[in-house]
Every structure is written in structure tokens, then in C-alpha cells.
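Student: Could you take me closely through one part of this structure and then follow it outward into its surroundings? I'd enjoy one connected account.

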Amino acid sequence: MSGLDIPLPAGPKMGRKRQGAIMDTATLAEAVIAGDRRALARAITKVESTRATDRAQADALLEAVARSGREAIRIGLSGTPGVGKSTFIESFGLMLTGQGLRVAVLAVDPSSARTGGSILGDKTRMERLSRDRAAFIRPSPSQSHLGGVARRTREAVALCEGAGYDIVLIETVGVGQSETVVAELSDVFLLLLAPAGGDELQGVKRGIMEAADLIVVNKADGDLKATATRTCADYAGALRLLRRRPQDPADFPKAMTVSALEVAGLDQVWAEITALVAWRRAQGHWQARRADQARHWFHEELRHVLLGRLAAPEARAQRLALAEQVAQGQITAARAARDLIAQLWPEFLDVDHPESLDATRDSA
Ligand SMILES: Nc1nc2c(ncn2[C@@H]2O[C@H](COP(=O)(O)OP(=O)(O)O)[C@@H](O)[C@H]2O)c(=O)[nH]1
Ligand SMILES: [Mg+2]
């Protein structure tokens, strides 16, 4: 992990009271809101913890920080490895801090548990940004499962927001599901693409195209410039074929070209983002989207808590015993499932329950 943002025992400048576990939740929340980077890092570690005692503190912390009422622009950024995400974040982040804005960078990358993290692996490409006092860079939480990573990243985003960061960039490696997850974490979703032949357009899944607010074709420089321009036109055409979304002004979603390496076109990207954000705020879409996301994540938490209950040691023993009986044909799978649920939650079977939890279907 980076030496910069890691919660270490308090340094010499910190008073005794603020050290280690002695620092209580309210004090930690105050320090986060006051912009103390160490406190922010510790708060994020707290929400990433899987211990039940930490969870209660994390919830108190998040509620306290939310009362700051601060709101950042949350920008999701997705793209396949090598497309230039790290280079883009470095250039774009520095451009923003150069304008006096504070920028936090987080990652949703379930594979980081194995590889050491997309952000950390690319530290050299974000060297200047990681040294910038107006920037805060945090690697992906070390959980191997995308859902877990995303739930904790969402809370880290909220903490960065409470700490006064104006922009929170949430990076994910574009390898399938994670893009849709990042769209649920962000106000604006950027899909970064590389210049390519027309047939590669097929390679971008429709769901990802539909989630994108801006398609940014990177590497529009040198020999690649002409190809990038053509690729951009192809995607602009593809975007026009998609069903219009109510949360978009007439000319969105858009495709554009940039060069992260040569820092070209990034100011236009920022101008498009701020225009989109202003429009969505004025139309009420901004708050509606955040409210929808909150509902979505509530359902995700619920699912997680219920499944977690089934994984707890007592439940596990019962579950394995029942699985054996099912395996030997002594009892049906459905009866075994209902028996287990009835033991854990006696009232549960009195009500009809749908096949699955579905946030969109349940919401008003
Ligand atoms: N020509 C050119 N190369 C770029 C640009 N942005 C990134 N690259 C190069 O593409 C490679 C992958 O970049 P990186 O930022 O690590 O991509 P990531 O895997 O998506 O984070 C590196 O060799 C970069 O130098 C760009 O705008 N133009
Ligand atoms: Mg990278």
C-alpha cells in the first residue's frame, strides 16, 4: 500500500488522545470533515473492515460525515487495461487541482487483492498527482468479490465527499460487470476507449454503452490521431442509435477525443461534465439519481446481510447437515431451504416472498 494514505499510528504531531483506537468516532468524523488526510484514510479503513464492531462505528462515522452536507461530483471512469486510465487520471487530476479543486481517486477493482491494485500498480503513472496535496489517492479495498469492493468503495466516496473533495474519481478496469457497478456509484460515467478499427466497436457491450455519459477516445495524438478521430465518429454514431434517456440533455451522451499523454482535450471533457451536471441539477435528475442509487445500495446491503447470516458458523453447520440430507434424497431441496430459514427466522415463512430482491421493481 502507498505510504501516503495509509492509516499508521499517530505521528509525533498528534496528541495522545488522537492516537490509535483511543480516537473515538465523533472525533474521527470531525477530523475527516476538517480535511485531515490521515483521519480520512483511517475512516476508509474503518468502513472497509469486516469486523462487526468496526461496522457499527463505520455507520456512525458515515452518518456524522453526511451531516456536513457536502457534495462532490462523482465521476466513474472505466476502460480496459492499457487504454490509459492511469495516465488520464494523472493529467485530468492535475488539471483540476491546478484550478484549485480537490480531487480524490478511488478504485473498484476486485482483482487488486491479487495484483496489488490497479492504482498502486500504476503509481508511476500517477506520480505527480499522488504527491499533490490537493489530491487523495486510495487503492481498492482488498476484497476478492466485486460486490464487497463496490459497497465499501461507495462508503469511501461518501467519506471523501465529507472531507471536502470537489471531485471523486472512481476507476474500474473494464472487464465486464464492474462498469455497471461503477455507474451505480457515480454521477457521471466516462468510458475510456482506445483508437481502433471499426470492428472493435462490437467489442463494447451494449449495457456499458448505455451507461456511459461520455465516451472518451484516448491517445488522439501522433500516428493514432486519425484513427482516434474515426473511432470517435463511429461511437458517436453508435450512441445516436441508443434509446434516449430522460436524464440527458439533447446532445448527450457524447463521444470525444483526448490525449491524456499530451494533455489535450481534457479541458473539454471537464466542460462537458460541468455542463451535464448543471443541467441534471436544474432538472432534478441529479438528486433523483442519487436517491435511486441509495435505494439500490440499501437492497445490496440487505442481500449481503441475509447471505452473511447464512454463512455464520451456526447456520453453516445446519446448512451443511441439511445439504447432506438433500444429497441422500431424504428431503427435497426446497423443503431443506425452508426448514433452515424457518429455524433462523421463525416468522419469515408466514409471508409470501418474491424470487429475488429487485430494487428497481420495489421502488416507487
Ligand atoms: N500515445 C498515447 N499513449 C498513451 C496515452 N495515454 C496513455 N498512454 C499509454 O498507454 C499505456 C497504458 O497507459 P495506462 O495509463 O497505464 O493505462 P491503464 O491500464 O488504462 O491505466 C502507457 O504506455 C501509456 O503511456 C495517450 O494519450 N497517448
Ligand atoms: Mg491503470
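Tutor: Let's begin with W286, which sits in helix α13. Keep in mind that we are looking at a predicted model. W286 counts as buried because 20 other C-beta atoms lie inside 10 Å of its own, and 20 is the number at which a residue qualifies as buried. Setting aside residues up to four places away in sequence, W286 touches D187, V277, R280 and R281. There is also a long-range relation to V188: 98 residues separate W286 and V188 along the chain, yet their C-alpha atoms are 9.7 Å apart.

Before following V188, let's stay with helix α13, which spans residues 285–311 and also holds R309. Is R309 buried or exposed, or something in between? R309 is partly exposed, since 13 other C-beta atoms lie within 10 Å, and a residue would need 12 or fewer to be called exposed. Beyond its neighbours within four places in sequence, R309 is in contact with A315 and L344. L344 is 35 residues away from R309 in sequence, while their C-alpha atoms are 8.7 Å apart. So within α13 you can compare a buried tryptophan, W286, with a partly exposed arginine, R309.

Now back to V188. Strand β5 covers residues 188–193 and pairs with strand β1 through four bridges, the two running parallel. One place to look at on that border is S78, which stands opposite L191 of β5. On the other side, β1 is joined by seven bridges to strand β4, residues 167–173, again with both running parallel. There, I73 has I167 as its bridge partner in β4.

How many residues of β1 are buried? Seven of the seven residues in β1, residues 73–79, are buried, making the strand mostly covered. The cover extends to both faces: I73, I75, L77 and G79 are buried on one side, and R74, G76 and S78 are buried on the other. It is worth pausing on R74, a charged residue that is among the buried ones here.

Stepping back to the sheet as a whole, seven strands form an open arrangement in the order β3-β2-β4-β1-β5-β6-β7, with parallel pairing. Its edges are β3 (135–137) and β7 (254–257), each of which pairs on one side only. On average, and ignoring direction, neighbouring strands are turned by 20° against each other. At the β7 edge, strand β6 (residues 214–217) is joined to β7 by four bridges, running parallel, and V217 stands opposite T257 of β7. Helix α11, residues 225–241, packs on the sheet here: it touches β5, β6 and β7, and its direction makes about 175° with that of β7.

For helix-to-helix packing, helix α8 is a good place to continue. Helix α2 (residues 37–48) and helix α8 (residues 146–162) have axes that come within 9 Å and cross at roughly 155°. The two are therefore roughly antiparallel, as the angle is over 145 degrees. Their crossing is right-handed. From α2, the contact uses L40, A43, I44, V47 and E48, and from α8 it uses R152, E155, A156, L159 and C160. By class, these residues are seven nonpolar, three charged and no polar.

Helix α3, residues 52–66, also packs against α8, with axes 9 Å apart and an angle of about 40°. That makes α3 and α8 oblique to each other, and the crossing is left-handed. On the α3 side the contact consists of L62, V65 and A66, and on the α8 side of E155, A158, L159 and G162. The classes here are five nonpolar, one polar and one charged. If you set the two lists beside each other, E155 and L159 of α8 appear in the contact with α2 and again in the contact with α3.

Finally, the whole protein gives these pieces their setting. There are 16 helices and seven strands. Buried residues account for 35% of the 364 residues, W286 being one of the buried residues. Of the contacts between residues at least 6 apart in sequence, 74% join residues at least 24 apart.

Terms used:
Residues numbered from 1 in each chain as written. Chains lettered and ligands numbered in written order. Predicted model: local features only at pLDDT ≥ 70, side-chain atom pairs only at ≥ 80, totals over all residues. Axes fitted to C-alpha atoms, helices over the stretch in contact; angles between N-to-C directions. Parallel < 35°, antiparallel > 145°, perpendicular 65-115°, else oblique. Left-handed = near helix turned anticlockwise from the far one by under 90°. Contact = placed C-beta atoms within 7 Å. Pairing = 2+ DSSP bridges.
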